[in-house]
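Got your viewer open? Let's walk through this chain one selection at a time.

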Amino acid sequence: MGPDRTASARGPLDALNFFLADVRDGLGPYLAIYLLTVQHWDEASIGFTLSAAGIAGIVAQTPAGALIDAVRAKRAILVAAAVAITAASLAIPLFPGLVPVTILQAISGVAGAVFPPAIAAITLGIVGPKAFAARIGRNEAFNHAGNAVAALLAGALAYWLGAIAVFWLMAAMAIASIIATLSVPATAIDHDVARGLDGASDSSGAARPSGFSVLFASPPLLVFAASTTLFHFANAAMLPLVGQKLALANPELATTLMSACIVAAQLVMVPVALIVGARADRWGRKPIFAIALAVLCLRGLLYPLSDAAPWLIGVQLLDGVGAGIFGALFPLIVADLTAGTGHFNVAQGAIATAQGIGAALSTSVAGAIVVGYGYGAAFVTLGLAAALALTLLLLLMPEPRRPESETLANDAIAGPR
């Protein structure tokens, strides 16, 4: 891959990650606020609807990856997915019933499953394996920046125009993401490299385990999968529940306050991820992941202490700590636990599916608990799930061992300490 071709795609790839940040997750927690304050849904129905997108995404995850591997029109698939999510979201105010909203959310979930493999494949096909890690870090930086800016705009627009403004903001971001996608030069993408064929194929022809079977070949990997699934079960419902509490106490400022929560977490997430990347080799993977789980447990116990907006937003800052750690640490731990097996990507996919199940169940279970026992009980239950994950990690998972060659290479790059 020539440097001129890579350079020509750098700006469009930055813009793509920035604008897709608001599109790839659909309406997210803003939908919960809209359904609660405008359509007057109960929390259990909201949780069921939010779970529909997660479950649909889980089902579509493997086919989406296979589709991205099989076709060369990766940019066209991104455009189609962005259009589908935007159209489904804009249709919600027109068809606000439980069944149509659930169907529309399922469509968003299926389309959203395309984004992670498509962006990763396009990135790999542009920069190649050697520069992939650095470029993925840059992608995440622009993704976090896009989330923060979109949340700020959503809060401001909702303050002046009402909750419906979030729908139109998403449409504008989708149009910008389509323009950015089409700005990525098609000739800059090496589609063989994008499939991982550049030195990554197995010439021996030996059969490799696929799907969940790869997890059972490594007990530490299975423990990590269980811990991360519980992490997502505990984490996924917390922000929507916070948004609902803010909406009930401050209905006229609900969307603006939700935006404040998102921006606060995103601003914390960036430096946390940078610290983890710089210190993971010295501090170890297991202690840092334990911190993320402990912080998540603490959030569940702190939220019920007050309904005041400053308190809820302040506690939400801890989400930046947990999510920042998890996002930076997840690929490192999987790479360590699968070193030398050739199953790195298979393991990531299998664990991601398990995580998706945990996240999808989170909103439904939390919504049902809120209806039956209140918000405090729901938060405490989610916190206890994080505590269970922490217990599994501390008791059953050893510190992942890095290959000696990787350690020496990283020490050489880092220089004297």
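**First stop: a loop**

Select His 40: at 63% relative accessibility, His 40 counts as exposed (buried means under 20% relative accessible area, exposed over 50%, partly exposed in between, with a 1.4 Å probe and protein chains only). You'll find His 40 in the loop between α2 (29–37) and α3 (43–70). The helix names come from DSSP runs, numbered from the N terminus: helices are H or I runs of at least four residues, and strands are E runs of at least two. Now check the backbone: His 40 has a positive phi of about 60 degrees, although it is not a glycine. Most residues other than glycine have a negative phi.

A word on what you're looking at: this is a predicted model, where local features need pLDDT of at least 70 and side-chain atom pairs count only at pLDDT 80 or more, while totals for chains, interfaces and linings use all residues. Residues are numbered from 1 along each chain as its sequence is written, and side-chain values use heavy atoms, with hydrogens and water left out.

**Zoom out**

Show the whole chain as a cartoon. How many helices and strands are there in the chain? You should count 18 helices and zero strands. Of the 417 residues, 49% count as buried. Take the contacts (heavy atoms within 4.5 Å) between residues at least 6 apart in sequence: 82% of them join residues at least 24 apart.

**Helix α4 and its partner**

Next, select residues 74–91, which form helix α4. The 18 residues of α4 should span 26 Å at 1.5 Å a residue, and the end C-alpha atoms are indeed 26 Å apart (the expected span is 1.5 Å times one less than the number of residues). Colour the buried residues of α4, among them Ile 77, Leu 78, Ala 81, Ala 82 and Ile 85. Then click on Val 83, also in α4: Val 83 is partly exposed, with a relative accessible area of 44%. Try the distance tool from Val 83 to Ala 111: they are 28 residues apart in sequence and 9.0 Å apart in space, C-alpha to C-alpha.

Now add helix α8, residues 165–183. Two packed helices are described by the angle between their axes and the distance between the axes. Here the axes of α4 and α8 come within 10 Å and cross at roughly 170 degrees (axes are lines fitted to C-alpha atoms, for helices over the stretch in contact, and angles run from 0 to 180 degrees between N-to-C directions). That makes α4 roughly antiparallel to α8, a label for angles over 145 degrees. Show the side chains where they meet: the α4 residues include Leu 78, Val 79 and Ala 82, and the α8 residues include Phe 167, Trp 168 and Met 170. The residues of this contact divide into 13 nonpolar, four polar and one charged (Ala, Val, Leu, Ile, Met, Phe, Trp, Tyr, Cys and Pro count as nonpolar, Asp, Glu, Lys and Arg as charged, and the others, Gly among them, as polar).

**Helix α6**

Jump to residues 115–127, helix α6. Its 13 residues should span 18 Å at 1.5 Å a residue, and the end C-alpha atoms are 18 Å apart, which agrees. This helix is mostly covered, with 10 of the 13 residues of α6 buried. Phe 115, Ile 119 and Leu 124 are among those buried. Step just past α6 and you reach Gly 128, with a positive phi of about 85 degrees.

**Into the core**

Which residues have the most contacts inside the largest nonpolar core? Select Leu 78, Phe 115, Ile 126, Phe 224, Leu 241, Phe 289 and Leu 329 to see them; this core has 110 residues (a nonpolar core is a set of buried Ala, Val, Leu, Ile, Met, Phe, Trp, Tyr and Cys residues joined through side-chain atoms within 4.5 Å). Helix α15 (residues 309–337) gives the largest share of this core, 11 residues. Centre on Leu 329: not counting residues up to four places away in sequence, Leu 329 touches Val 276, Ala 280, Arg 285, Ile 288 and Phe 289.

**Last stops**

Select Gln 355 in helix α16 (residues 344–373). Is Gln 355 buried or exposed? Gln 355 is buried, with a relative accessible area of 8%. Leaving aside neighbours within four places in sequence, Gln 355 is in contact with Thr 228, Thr 229, His 232, Phe 326 and Phe 330.

Finish at Val 263 in helix α13 (residues 254–283). Val 263 counts as buried at 10% relative accessibility. Apart from neighbours within four places in sequence, Val 263 is in contact with Ala 148, Ala 151 and Leu 152.

Definitions and conventions
Angles under 35 degrees count as roughly parallel, over 145 as roughly antiparallel, 65 to 115 as roughly perpendicular and the rest as oblique.
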